[in-house]
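Here are some notes for a colleague opening this entry for the first time. Please keep the structure in view while reading the numbered points.

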Amino acid sequence: MNIQDIRSCMHSFEEAIFLGEEIEIAGILALVAGICREGKKIKIYLFSEAEDARESQKSRIKVEKKRQRGTLTKREEMLAQLNEEKASLMDGIRGITVNGTTYEFCCGSGGRLEDYNLEGRLLVYQFLSSQVPFGFLEDQDFSRMQYAVMELEGDYGKIPFSRKELENLAFVQAPLYCHVPVKQKIKLPLGAQPGKVRKFFCEELNREIHYSVNAISLVDTLEESKKKYREMDSGHIIPKEEEELLLNYLQEICPPGMRNLQIEYECEEAGLEFYTREQLQEKVKIQEGAAATFFLVGEAMKKEGVHGKTLHACLIQYPVDPDIQEVELELLRAVVKK
């Protein structure tokens with residue numbers, strides 16, 4: 001590293017309003033360091049806490065070692081993925097509102113303040129040199145911080161609002177969804193269910209979420225998909241190669257003569273992900289070459305369940321015997337709106 005490297009990472013603020021204001025954005029406590037103009041671009045600089053990268057790295061290494069040894073189960077892999085899906089500042093904001101006027105973001109950048117992140121660390125120094133207070137981040141180690149630079153759409157000859165007007169600053173927030181662990185095991189017979197209300201505690205939302213399983217049915221995914229694509233004249237819908245890939249995938253998750261389980265459930269607060277016990281106990285195979293994945297997502301069924309809530313369907317992409325009478329399921333994860 002030399003002086004030219006440092007100079008290339010430094011920002012040239014032609015105009016700036018330094019703030020150091022703390023604000024909650026999409027459930028994340030953030031510090032708005034300043035709003036600055038560089039050329040004709042207006043940028044907002046944000047900082048917040050980040051996960052401990054060293055612990056995350058240890059977890060990833062542990063998972064990969066098990067994968068290489070052939071002992072990693074699907075359940076372990078999916079739970080480990082939850083640690084890789086942490087929300088960042090950029091996930092939940094789309095713009096700002098100042099005095100009733102909305103300014104949308106056109107792009108953004110950022111990252112963790114690791115040792116190699118020279119730009120991020122220099123930004124902290126630049127704001128500190130301008131006497132910007134860092135509040136709840138004052139005693140935080142750099143490795144446990146992240147930053148985001150959000151650029152307003154359009155070109156500006158000057159910052160279009162004053163410091164006084166920024167007292168009414170608000171962020172335009174987008175719905176932010178995240179996976180959370182549930183790990184709840186259920187044994188049920190096939191067919192209609194009594195609609196018993198079940199619950200699990202969601203730490204992300206700090207409250208209980210209620211749901212009910214209303215029916216469990218068998219689906220011949222392979223034959224139903226073949227029929228659907230014949231009716232759609234699939235040759236004009238998707239390329240032949242993709243159609244063949246999809247057919248191969250369908251035969252893998254639902255071989256001829258086998259079935260898939262479809263779980264009908266009611267839950268207003270989350271999308272639920274059910275899996276069979278056998279599916280989660282399978283060892284993860286190491287993929288060789290390019291892998292193609294298709295998502296067969298269960299959607300709202302546009303009808304109400306026994307509790308007056310919209311019915312949803314979760315299709316379990318794992319083959320089961322058509323003569324099965326009882327299933328051992330695990331509600332492993334849920335998707336919640338923060």
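1. Leaving aside residues up to four places away in sequence, F161 touches I17, I35, I96, V98, Y103, L152 and L166. F161 itself sits in the loop between β6 (145-152) and β7 (170-173). Is this loop residue buried or exposed? With a relative accessible area of 6%, F161 falls under the 20% cut-off, so F161 counts as buried. By contrast with those contacts, F161 and E119, which are 42 residues apart in sequence, are 27 Å apart in space, taken from C-alpha to C-alpha.

2. A word on confidence is in order, since this is a predicted model. The chain averages a pLDDT of 87, and 91% of the residues score at least 70. Residues 289-295 deserve caution, for pLDDT stays under 50 over this stretch, and the model has eight contacts for it beyond four places in sequence.

3. The largest nonpolar core holds 28 residues, and the members that touch the most others are F200, Y211, I263, L272 and F274. Which strands supply at least two residues each to this core? They are β8 (177-189), β10 (197-202), β11 (207-219), β12 (259-266), β13 (270-276), β15 (310-320) and β16 (326-337). In soluble globular proteins, nonpolar side chains tend to be buried together.

4. Y211 can be followed in detail: when residues up to four places away in sequence are not counted, its contacts include I186, V197, F200, C267, L272, F274 and L331. Y211 also touches Q184, K196, R198, K199 and E266. A second core, separate from the one just described, has 27 residues, among them I25, V98, A148 and Y156.

5. Three strands form an open sheet in the order β8-β16-β13, with antiparallel pairing. Because β8 and β13 stand at the edges and have a single partner strand each, one side of each is left without a neighbour in the sheet. From one strand to the next, the twist averages 25°.

6. Within this sheet, β13 and β16 run antiparallel and are joined by seven bridges. L272, already named among the core members that touch the most others, stands opposite A334 in β16.

7. The sheet should also be viewed together with a helix. Helix α3, made of residues 74-81, lies across β8, β13 and β16, and runs at about 10° to β16.

Conventions
Residues are numbered from 1 along each chain as its sequence is written. This is a predicted model: local features need pLDDT of at least 70, side-chain atom pairs count only at pLDDT 80 or more; totals for chains, interfaces and linings use all residues. Side-chain values use heavy atoms; hydrogens and water are left out. pLDDT is the predictor's confidence in each residue, from 0 to 100. Contact means heavy atoms within 4.5 Å. A nonpolar core is a set of buried Ala, Val, Leu, Ile, Met, Phe, Trp, Tyr and Cys residues joined through side-chain atoms within 4.5 Å. Buried means under 20% relative accessible area, exposed over 50%, partly exposed in between (1.4 Å probe, protein chains only). Helices (H or I, at least four residues) and strands (E, at least two) are DSSP runs, numbered from the N terminus. Two strands pair if DSSP finds at least two bridges between them. Axes are lines fitted to C-alpha atoms, for helices over the stretch in contact, and angles run from 0 to 180 degrees between N-to-C directions.
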